Amino acid sequence: MEWWQTGIVYQVYPRSFQDSDGDGTGDLPGILARLDHLVRLGVDAVWISPIYPSPMTDFGYDVADYCGIDPLFGTLADFDALVTRAHALNLRVILDLVPNHSSDQHPWFADSRARRNGRADWYIWRDGASGGGPPNNWLSNFGGPAWSWKAGRNQYYYHSFLPTQPDLNWRNPDVVAAMHEVMRFWLRRGVDGFRVDVMWMLIKDARFRDNPPNPSWHPGLSSHDRLLPLYTADRPEVHEVVAGMRAVMDEFPHRVLIGELYLPIEHLVTYYGQHGNGAQLPFNFQLLLLQTWSAEAIAAIITQYEAALPPGAWPNWVLGNHDRPRIASRVGPAQARVAAVLLLTLRGTPTIYMGEELGMTDTPIPPAAVRDPAELREPGKGLGRDPERTPFPWMVGPGRGFTTGTPWLPFGADTPLETQHQDPGSMLELYRRLIALRRANPALAVGMIAAVQAVGQVLSYERSSDGVRFRIVLNLSGRAMDASGSGTVVAGTHAGREGTSLHGNWVLQPNEGLVLLQAPQ
Ligand code: NOJ
């Protein structure tokens with residue numbers, strides 16, 4: 001088994017984790033100084049959202065140099081020191097790779113615009129439609145057309161996101177080779193893996209066909225959702241691109257390729273590739289996309305996902321990230337504890353988004369403090385991502401131990417780490433106990449999953465390996481529920497349950513989740 005199968009990934013949004021120089025924005029020396037938190041929590045790898053030189057129009061997802069560090073975050077020497085320290089602590093380091101688009105400030109784009117240095121076709125350039133206007137109807141994920149006109153070159157270029165984020169042309173072998181070299185640059189520096197940004201968008205239709213209208217669109221949705229992204233995402237040729245990346249990863253031992261993929265299960269699992277030549281962990285966002293947080297809905301996705309996995313594929317689960325409302329805001333603080341038990345007892349690599357272990361909630365951002373382009377371009381639709389990106393509260397006090405300056409986003413009202421640290425009933429301690437249990441028990445870390453069922457609002461399943469069997473019983477509602485079965489409670493959301501034995505019929509408290517160790521049969 002590889003570390004990325006047995007282990008747990010922790011996502012750091014670097015602007016908001018720890019500031020070391022008082023400018024109000026987190027940085028690499030800050031992350032280094034806080035690695036002990038990750039060790040005490042018990043995770044195995046840290047995925048850091050982009051830290052490359054960037055004009056920050058999309059907070060680092062607009063890369064101006066793939067092989068550097070933005071001065072805001074530090075230097076390459078800071079990065080090397082972070083990797084060295086992390087490895088000494090037995091933590092792996094995963095970088096965000098943003099291959100779909102660069103910043104318009106990247107020298108490659110300047111070359112492409114000027115048709116020089118052989119880079120004329122490194123981006124997706126098209127003439128306008130014969131009657132004038134953009135080449136087709138494709139829309140940007142951040143609102144408005146996905147095509148912008150470039151004077152001088154006198155053509156349109158395609159951008160899945162902001163006009164400052166032109167899409168690279170992955171049909172050009174020189175682009176493929178250049179990005180593979182970028183990957184090797186970091187892999188040689190000791191990086192243990194990549195999380196590939198918008199993996200499913202890397203190739204667009206070669207014939208540039210119009211996307212069809214979305215019959216279920218309504219004004220509450222983003223303007224991008226007016227069309228179905230039939231020709232701009234999840235194209236069959238994308239799998240060659242992913243296989244090419246995977247081949248680069250395989251030049252180095254024990255590295256992991258993770259893909260960001262917002263896709264339904266049947267499409268998602270195709271990103272494992274043919275005979276496993278794709279991503280090792282195509283991110284499974286089913287729990288994050290779930291419309292109804294119910295026992296029945298969760299049982300259904302576990303069963304469907306497990307059944308859809310190709311032979312040899314390793315599962316994974318995610319509750320949140322820097323792009324989506326936080327779990328504690330989506331399901332409420334009591335159910336967020338149940339969600340923690342779920343995430344850390346399912347079969348498959350869990351990814352924790354920083355702050356989930358504190359039960360952090362979305363912070364309302366006053367209009368004047370909004371930073372996210374998704375909100376600024378389409379205000380008032382709830383598309384903004386600042387609420388889930390607020391700085392990590394380490395301790396009480398004006399700067400929360402995060403900064404001595406003014407934080408780049410306001411702090412929320414969440415209970416800081418140091419306060420939770422002293423409270424056995426806190427979310428932090430629940431996460432620690434669950435992670436320790438998972439680490440100590442192969443049945444939970446890598447064992448099989450069986451007997452997935454929903455009875456009313458009670459979700460239950462079993463995890464087992466080598467004759468050791470756990471039964472997980474989760475109450476997805478705020479009402480007491482009847483449950484049955486026997487075993488010793490080894491972890492749970494509610495005080496006083498751990499260490500007790502249960503037999504026959506018993507009652508699960510509102511919002512209660514339990515992990516039972518069953519007697520050998
Ligand atoms: C997905 C990233 O997670 C998100 O933050 C970003 O805005 C887009 N990709 C564009 O890179």
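These legends go with close-up views of a predicted model, taken one region at a time. Local features need pLDDT of at least 70, side-chain atom pairs count only at pLDDT 80 or more, and totals for chains, interfaces and linings use all residues. Residues are numbered from 1 along each chain as its sequence is written, and side-chain values use heavy atoms, with hydrogens and water left out.

**View 1. The eight-stranded sheet is open and parallel.** Reading across, the strand order is 9-8-7-3-2-1-11-10. Strands here are DSSP runs of E, at least two residues long, and helices are runs of H or I, at least four residues long, both numbered from the N terminus. Two strands pair if DSSP finds at least two bridges between them. Strand 9 (281-282) and strand 10 (316-318) sit at the edges with a single partner strand each, so one side of each has no neighbour in the sheet. Further in, strand 2 (residues 45-48) and strand 3 (residues 92-97) run parallel and are joined by four bridges. Look for Ile 48, which stands opposite Leu 95 in strand 3.

**View 2. Helix 7 lies across strands 3, 7 and 8.** The helix covers residues 238-249, while strand 7 is 193-196 and strand 8 is 256-259. Helix 7 runs at about 155 degrees to strand 8. That angle is taken between N-to-C directions on a scale from 0 to 180 degrees, using lines fitted to C-alpha atoms, for helices over the stretch in contact.

**View 3. Met 201 is tucked into the loop between strand 7 and helix 7.** Met 201 has 7% relative accessibility, so it counts as buried; buried means under 20% relative accessible area, exposed over 50%, and partly exposed in between (1.4 Å probe, protein chains only). Ala 233 is 32 residues away along the chain, yet its C-alpha atom is 4.4 Å from that of Met 201. Leaving aside neighbours within four places in sequence, Met 201 also has contacts (heavy atoms within 4.5 Å) with Asn 100, Asn 141, Ser 160, Phe 161 and Thr 232, among others.

**View 4. Three strands make an open antiparallel sheet.** Their order is 4-6-5, and strand 4 (125-126) and strand 5 (147-150) are the edge strands, each pairing on one side only. Strand 5 and strand 6 (residues 155-158) run antiparallel and share four bridges. One pair to pick out is Lys 150 with its bridge partner Gln 155 in strand 6.

**View 5. The ligand has 13 residues around it.** Here, "around" means that a residue has a heavy atom within 4 Å. Asp 58, Asp 197, His 322, Asp 323 and Arg 385 come nearest. A polar side-chain atom of Asp 197 is 2.8 Å from a ligand oxygen, and an N or O atom in the His 322 side chain is also 2.8 Å from an oxygen atom of the ligand. For the side chain of Arg 195, the distance from an N or O atom to a ligand oxygen is 3.0 Å.

**View 6. Arg 389 is buried in a loop between helix 13 (373-377) and helix 14 (417-421).** Its relative accessible area is 1%. Among the residues it touches, not counting those up to four places away in sequence, are His 322, Asp 323, Tyr 353 and Trp 408. The side chains of Arg 389 and Tyr 13 make a polar contact of 3.4 Å. A polar contact is a pair of N or O atoms within 3.5 Å; within protein, one must be able to donate a hydrogen and the other to accept it, and residues adjacent in sequence count only if both atoms are side-chain atoms.
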